[in-house]
Amino acid sequence: MTDAAEPTRHPEGGHARSPGRAKPAGPAEPIGPRDPAGPAPATASGPRDEPFAAGPAAPVWHPREPPLPVAAVLARGSAVPGLALRIVERLARGDVLRAVGDQDWLVVVGEDLPWLDGLRYLGWDGEALTPTTMRPAPSAELWRLALGPRDLVVLLPDGVLVAPMPAGPADRDALATLATGGAR
C-alpha cells in the first residue's frame with residue numbers, strides 16, 4: 001500500500017495549532033453532509049475546514065487488551081479505490097455509513113465494515129479513533145480535546161489525522177468517483 005497521505009512533520013517542530021502545520025494535499029471534506037454544528041472555528045493559521053496532520057508531538061503507543069470494537073476503517077493511497085468501491089456496494093444495499101477523505105486517504109465510520117488487505121481498523125477511544133489493538137498516551141480524549149472538539153480525530157502510530165466530522169450518510173456518487181481512482 002502506498003502511503004501517499006503519510007502525515008508529515010513540521011520542519012520547525014511546530015504543533016497541531018501552529019501556523020506552519022502540515023496538511024495532506026487535496027481538499028478533503030466529508031463525503032456526505034457536514035456536522036450541523038458547522039465548521040470548527042478559525043485559528044491564527046486559517047479556517048479549520050481542511051484536514052491536517054499534526055506533528056511533531058505524537059502519542060506513545062501501548063498494546064491494548066482486549067481490543068476495541070471496530071467502528072471505522074482507514075485506507076491510504078492505493079487502498080482508497082478498493083475501500084470506496086466496497087462502501088458504494090454497502091450503501092446500495094442500505095447500510096448507513098459516514099465517510100471523509102479524498103484520493104489519498106479515506107476514513108469510513110459505521111458498522112459491519114468491509115475487511116480488505118492494507119486497511120487500518122479503528123475503534124472509538126473516548127471520542128477519538130485509534131487502532132483497535134493499541135492505546136495512546138496521553139489519552140485519546142486529551143488529544144481530541146486539544147485538536148478540535150467538533151472534528152474527527154484519528155490517532156495513528158505514524159501521525160494524527162484531523163478532518164471535519166461527517167454528519168450524515170456517505171455520498172455514493174463521490175465514493176464511486178474515488179473507486180475509479182478519480183479525484184473528488
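Is Gly159 buried or exposed? Keep that in mind for a minute while I go through the model, which is a predicted one.

First, the overall layout. The protein chain has 184 residues, of which 48% are buried. Its secondary structure consists of 13 strands and three helices. The exposed surface of the chain comes to about 8,300 Å², with 56% of it supplied by carbon and sulfur atoms. As for contacts between residues at least 6 apart in sequence, 74% of them join residues at least 24 apart.

Back to the opening question. Gly159 is part of strand E13, which covers residues 159-164. Its relative accessibility is 3%, and buried means under 20%, so Gly159 counts as buried. Pro59 is 100 residues away from Gly159 along the chain, yet their C-alpha atoms are separated by 8.4 Å.

Now the interior. In soluble globular proteins, nonpolar side chains tend to be buried together. In this model the largest nonpolar core has 19 residues. Those with the most contacts inside it are Val73, Leu83, Ile87, Leu106, Val108, Leu119 and Leu175. Four elements give two or more residues each to this core: strands E6 (72-76) and E8 (105-109), and helices H1 (80-92) and H3 (172-179). H1 provides the largest share, six residues. There is also a second, separate core of 14 residues, and Leu74, Val107, Leu129 and Val154 are among them.

Val73 is worth a look on its own. This residue sits in strand E6. Val73 counts as buried because its relative accessibility is 0%. Beyond its neighbours within four places in sequence, Val73 is in contact with Leu83, Leu106, Val107, Val108, Leu113, Leu119, Arg120 and Tyr121. The C-alpha atom of Val73 is also separated by 8.4 Å from that of Pro114, which is 41 residues away along the chain.

Last, the helix pair. How do the axes of H1 and H3 cross? They do so at roughly 145°, and they come within 7 Å. The crossing of H1 with H3 is left-handed. On the H1 side, the contact is made by Val80, Pro81, Ala84, Leu85, Ile87, Val88, Leu91 and Ala92. On the H3 side, Arg172, Leu175, Ala176, Leu178 and Ala179 take part. By type, twelve of the residues in this contact are nonpolar, one is charged and none is polar.

To recap, Gly159 is buried, Val73 is buried, and H1 gives the largest share of the largest nonpolar core.

How values were computed:
Residues numbered from 1 in each chain as written. Predicted model: local features only at pLDDT ≥ 70, side-chain atom pairs only at ≥ 80, totals over all residues. Heavy atoms only, no water. Core = buried A, V, L, I, M, F, W, Y, C linked by side-chain atoms within 4.5 Å. Buried < 20%, exposed > 50% of the residue type's maximum accessible area, 1.4 Å probe, protein only. Contact = heavy atoms within 4.5 Å. Areas by Shrake-Rupley, 256 points an atom, 1.4 Å probe, with all protein chains shown as cover. Axes fitted to C-alpha atoms, helices over the stretch in contact; angles between N-to-C directions. Left-handed = near helix turned anticlockwise from the far one by under 90°. Nonpolar A, V, L, I, M, F, W, Y, C, P; charged D, E, K, R; others polar.
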